[in-house]
Amino acid sequence: MSQPVRRAAAPLRRGPIRAGQNFAGGVFLLLLAALALYLARDLPQGTLRSMGPAMLPDWLAYGVGACGLAMVVMSLLRDGEDLEKSALRGPVVVLIAILAFAVTIRPFSMGPLSLPGLGMLVSGPLAIIIGGYATEDVRLRPLLILALSLTPFCMVLFGDLLNLPIPIFPQSFANLFPAGWSQKDVLRATALVLTVAALALYLTGRRRPATRIDVVVDEDES
Amino acid sequence: MGDLISNLNLGFSIALSFQNLGLAFLGCLVGTLVGVLPGVGPIATIAMLLPITFGLEPVGALIMLAGIYYGAQYGGSTTAILVNIPGEATSVVTTLDGHQMARQGRAGVALGIAAIGSFFAGTVATVVIAALGAPLTKLALIFGPAEYFSLMVMGLVFAVVLARGSILKAIAMIILGVLLSTVGTDLETGQERLTFGLPFLADGIDFAVLAMGIFGVAEILRNLDHTETRDVVHQAIGRLLPNREDFRQSYMPVLRGTTIGAILGILPGNGAVLGPFASYTVEKKLAKDPSRFGRGAIEGVAGPEAANNAGAQTSFIPLLTLGIPPNAVMALMVGAMTIHGIVPGPQVMTRNPDLFWGMIASMWIGNLMLLIINLPLVGLWVRLLKVPYHLMFPAILMFCCIGIYSINSLPTDVMFIGLFGIVGYILIKFGFEPAPLLLGFVLGKLLEENLRRALILSRGSLETFIERPISAVLLAIAAILLILALLPSIRKGRDEVFVE
């Protein structure tokens, strides 16, 4: 999928910009260069003999800016590809899903807002289900099954087998279990429950005929 | 020669231990499993799986990572053949004839010859690494900061020349990458640079975060834009083992591909990318009937796949001997080594001979594992390839989040993969290739460090880079390459190579 199909640029053009993609790219580079120069404005340049912290960033920013300028100029002189139209839905929803994971995985506070750390038990399914809405052909049920089966898999893999220090569930959740249970017992029991739930959801949903299949399934595979 | 054998002996005694054998197997298996997923290249695969190796001791961790790398590479070829989707630049060529073979019901043979060709190439490359390791390490000892700086400049110029598309855009990406690497505390003066005053940027941008954002998340966003048309082969996979006729047609391409790939892979600046293209072009030129290419010629799979694997492996050479990662995958290896307290470079071989030779021996074992794992498991890969993307990407997304969180236990890292994902997506939309950016970022810190050191030694005189002979030669090569690439006639030829 790393090769999007490039079609010839549409002949319809307005204004002096003859290569929309290069123009936008050039402006983007100019903005980045300006940002870098602005951020490094107070740092000393130093001399070649003892370079200051800002010397290299400044040079590089000028380099990026020069490339950007060249691209803008070229986009006015030569024909090139136009910008592809793109939907906002994908990037926005994926970003929300990632942020949801980041703020729920462990205690988070920002200004007046503060969230308790909910661990992978909550943040994993959140990322999957919110993320799933990034595409238009979203169906909740398969996403739920996916979330309910991948979360216990990751809990057992990362928390139990690999012992990585990643929060799995909040302490208040562990307190619901009998006092004698260790963290690992709680983890395994929870994983088991989730897996069973996923399986139940999968089996009850099977009777309905599949509504849409978007990949061709061949029957004679052996 | 005696040294070589005793060194390899040491290596195999380590790599063949029960635990390391198991880790190599597991690495290859998991690597292939993730690498097979369309739209997940080796870089994203390794970044995602990096945390699983944290709990291991260094030798085992690196052996497993190397296994993951080969697995991901081979997984990419499998996807290229079965679905016509290249996982990354190096398997683009495999789609041309490999997928045609699959459509003719010869997918099994294509996969088989790819695995066998890769195994042969891997075997040769392992010996090349073992033989070149020691002499190149000695070479590294006469390198001063000026030479290192010039070598890296040459590497970056290579990357510009080898990048697809506009040269100007590739240069911009490289400079931007180096600029990103200067974010964080300045090592010599202790002042914070370009951090927006944010404390978590004081240590700079983490490489794994940037790589995961640009190659994991941005790739998801790019794929979401294109409606899914997946061309999974309908035909039966067919027999897996190539017959006598297939072997007769492909042994020379494999030999040539191995040579081409191994040589190009050593070049700094991701020379390995060029291997499959070069091999394909050579085979097409040498063929009696070039029109067969693009219609399922087995030579068009065997040669490039061998070149691909040979290059993938010899690209370890600059890392292990000079400490310079030649591409993004090797940069992730640097990250992994640093986590285990190993500084890559010429001293690894003398200080950690177990690790150095154990890893080299495990490369060969890894290649053997691939052969063993892949041939029987083809059916499983086919099934995985049929998972629709709208179910696959949420899973990839969650794995990315969990993976990146467990590296540093920082929620800000998770947020940053989102940010870099968006930036990477914008760059892709504007027609930039993200790979050179990552390489610039990887080499940026080393580049600045050596530039500063060289200038301190020369008391601020830039002439030091031309006065020192090795440095002058390296810079001259870089300059000539850049000029050649900009010449219109050669530029046309370069475009043709990538278009094919």
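This tour moves from the contact between two chains to one helix, then to the second chain and a single residue.

The model is predicted, so local features need pLDDT of at least 70 and side-chain atom pairs count only at pLDDT 80 or more, whereas totals for chains, interfaces and linings use all residues. Residues are numbered from 1 along each chain as its sequence is written, and chains are lettered from A, with ligands numbered from 1, in the order in which they are written.

Select chains A and B together and look at where they touch: 76 residues of chain A and 72 residues of chain B take part in the contact, two residues being in contact if their C-beta atoms, placed from the backbone, lie within 7 Å. On the side of chain A that touches chain B, α1 (20–39), α2 (55–77), α3 (89–105), α4 (120–132) and α5 (140–161) each supply at least two residues; helices (H or I, at least four residues) and strands (E, at least two) are DSSP runs, numbered from the N terminus. The largest share of that side, 11 residues, belongs to α3(A).

Next, select α4(A), where 12 of the 13 residues are buried, that is, with 20 or more other C-beta atoms within 10 Å of their own, while exposed means 12 or fewer and partly exposed in between, C-beta atoms being placed from the backbone. Among the buried residues are A:Met120, A:Pro125 and A:Ile130. To see what covers the buried residues of this helix, add α3, α5 and α7 (183–205) of chain A and α17 (389–408) of chain B, which are included in the cover. The end C-alpha atoms of α4(A) are 17 Å apart, which agrees with the 18 Å that its 13 residues should span at 1.5 Å a residue, the expected span being 1.5 Å times one less than the number of residues.

Now show chain B alone, which has 22 helices and two strands. Its radius of gyration is 22 Å, close to the 23 Å that the globule rule gives for 500 residues, so chain B is as compact as a globular protein of that length; the radius is taken over C-alpha atoms, and the rule is 2.2 Å times the number of residues to the power 0.38. Buried residues make up 62% of the 500 residues in chain B.

Finally, centre on B:Ser409, in the loop between α17 and α18 (411–429) of chain B. B:Ser409 has a positive phi of about 55° although it is not a glycine. Most residues other than glycine have a negative phi. B:Ser409 is partly exposed, with 13 other C-beta atoms within 10 Å.
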